[in-house]
Amino acid sequence: MKINLSTMVLSIGLFLIGESYLAAQQPSGNPAERWEKAIQKFETKDTKQMPELGQTLFVGSSSIRFWNTDRSFPRTTIINRGFGGSQISDVNYFFDRVVAKYQPSVIVFYAGDNDIANGKTAKSVFSDFMVFWKQVQQKIPGCTVIYIPIKPSLSRWKMWPEMEAANQEISRFAKRQYNLRVAKIVKPMLGSNGQPKPDLFVQDGLHLSRQGYQVWTQVLEKLLKETSEGMVVDAPDITRHGETGNVWANVLVTDAEKDGPWRLEYRFGEQPWRSMENDQGDRRWKFRYPEELAYGEHELQIRLSPTVGSRQTTTRAVKVIEE
């Protein structure tokens, strides 16, 4: 059988062209790699002037990127590493290059908005956040993370139930971590009708206006001051045990300037102050309330007296729940 050489060459050529076209249609590598150029821009900027280690890092999606953090926080050195419409998994992928390299003392984190918009569930968002959280613990021990919840927005209001579910998952986890705090930005963004305030957004109904960033800044200013300069005392919901009515809880304490020892006292409402017990480490404390406390919300006051410095009292609304 005779083979026409020209026909064979043409066939091979067409086959290779077809293969090249199909290869071009297939995604290559991790989807996060689409942000490679944005990350390289950060690295070029660092080459010209590398920020000092131990500063405050803002990282996440476009709500971080568009935030004029220098103007909003003139008394705090901020490293802004927000990029595009990124998701939590994108931040995780570039963690060493946009987070760990700066060894920040505080991380302000906003992502998850685009995750839900792209079809991820609340559980998936929480799972991705846990990957981020574990990397912080492993690579930047002692760093405090401030989580900005996924915001309620006009353009994505239909997605709000799933977004709120993700926020609640992370908030519940945060209550058990002394170095994970939640910025309460949701309530001040909602109007009397329970929906997002229009003036907090630009024309697209998604990104924040100047007024929107002012709301966020007011919330963050307080948290950054507490976290960077003073002591933070946090307590989770309280569990009431059986018929005795006794309640107990762990209280987590962190202090940017001192490692203790401290003296902690607590009371509900106008009840007498009672001492707390240290629980396996300077930063973890517990109390057992010897009197019956009804289920529901109560005002808990915690008074912390460091060996050096002034006494500080923190008041927090807590909920007594069943065991």
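**Figure 1. The largest nonpolar core of the predicted model, centred on four residues that touch the most other members.** In this predicted model, the largest nonpolar core holds 64 residues, and V99, I107, F109 and F132 are those that touch the most other members. Helix α8, which spans residues 122–139, gives the most to this core, contributing 8 residues. Apart from this core lies another one, made up of 9 residues, among them Y266, F268, L293 and L300. As a general background to such views, nonpolar side chains in soluble globular proteins tend to be buried together.

**Figure 2. The surroundings of F132.** When residues up to four places away in sequence are not counted, F132 touches V91, N92, F95, V99, I107, F109 and V145. Among these contacts, V99, I107 and F109 belong, together with F132 itself, to the residues that touch the most other members of the largest nonpolar core. V145, also in contact with F132, is a buried residue of strand β4.

**Figure 3. The open sheet of 5 strands.** The strands follow one another in the order β2-β1-β3-β4-β5, and their pairing is parallel. Strands β2 and β5 form the edges, since each of them pairs on one side only. Taken on average and with direction ignored, neighbouring strands of this sheet are turned by 20° against each other. Strand β1 (residues 56–60) is joined to β3 by 5 bridges, the two strands running parallel, and within this pair T56 stands opposite V106. Helix α9 packs on the sheet, where it touches β4 and β5, and the direction of α9 makes about 135° with that of β5.

**Figure 4. Strand β4 and its two partners in the sheet.** On one side, β4 pairs with strand β3 (residues 106–110) in the parallel sense over 4 bridges, and V106 stands opposite T144 in β4. Strand β4 is also joined by 3 bridges to strand β5 (residues 180–182), again running parallel, and here Y147 stands opposite V182. In a regular strand the side chains alternate between the two faces of the sheet. Within β4 (residues 144–147), T144 and I146 point one way while V145 and Y147 point the other way, and all of them are buried.

**Figure 5. S153 in the loop that follows strand β4.** S153 lies in the loop between β4 and α9, the helix of residues 160–174. Because its relative accessibility is 1%, S153 counts as buried. Leaving out residues up to four places away in sequence, S153 touches P196, F201, G205 and L206.

**Figure 6. Two salt bridges that reach helix α2.** The structure holds 10 salt bridges, and side chains of opposite charge can in general pair when their charged atoms come close. E43 forms a salt bridge with R97, with the closest N and O atoms 2.7 Å apart. E43 lies in helix α2 (residues 36–48) and R97 in helix α6 (residues 95–98), so this pair ties together parts that are 54 residues apart in sequence. Both ends are partly exposed, with a relative accessible area of 25% for E43 and 27% for R97. In the other pair, the side chains of R81 and D46 meet in a salt bridge at 2.9 Å, N to O. This pair links distant parts of the chain, R81 being in strand β2 (residues 78–82) and D46 in helix α2, 35 residues apart. Here both partners are buried, R81 with a relative accessible area of 3% and D46 with 5%.

**Figure 7. The salt bridge between D128 and K120, and the contacts of E162.** The side chains of D128 and K120 meet in a salt bridge at 3.2 Å, N to O. D128 is buried, with a relative accessible area of 15%, whereas K120 is partly exposed at 23%. Elsewhere in the structure, salt bridges that share partners join E36, E43 and R97 into one network. K120 is also one of the contacts of E162, a residue of helix α9. At 34% relative accessibility, E162 counts as partly exposed. Leaving aside neighbours within four places in sequence, E162 is in contact with I116, K120, T121 and A122. The C-alpha atoms of E162 and I116 are separated by 7.3 Å, although these residues are 46 residues apart along the chain.

Note on methods
Residues numbered from 1 in each chain as written. Predicted model: local features only at pLDDT ≥ 70, side-chain atom pairs only at ≥ 80, totals over all residues. Heavy atoms only, no water. Buried < 20%, exposed > 50% of the residue type's maximum accessible area, 1.4 Å probe, protein only. Pairing = 2+ DSSP bridges. Core = buried A, V, L, I, M, F, W, Y, C linked by side-chain atoms within 4.5 Å. Contact = heavy atoms within 4.5 Å. Salt bridge = Lys/Arg side-chain N within 4 Å of Asp/Glu carboxyl O. Axes fitted to C-alpha atoms, helices over the stretch in contact; angles between N-to-C directions.
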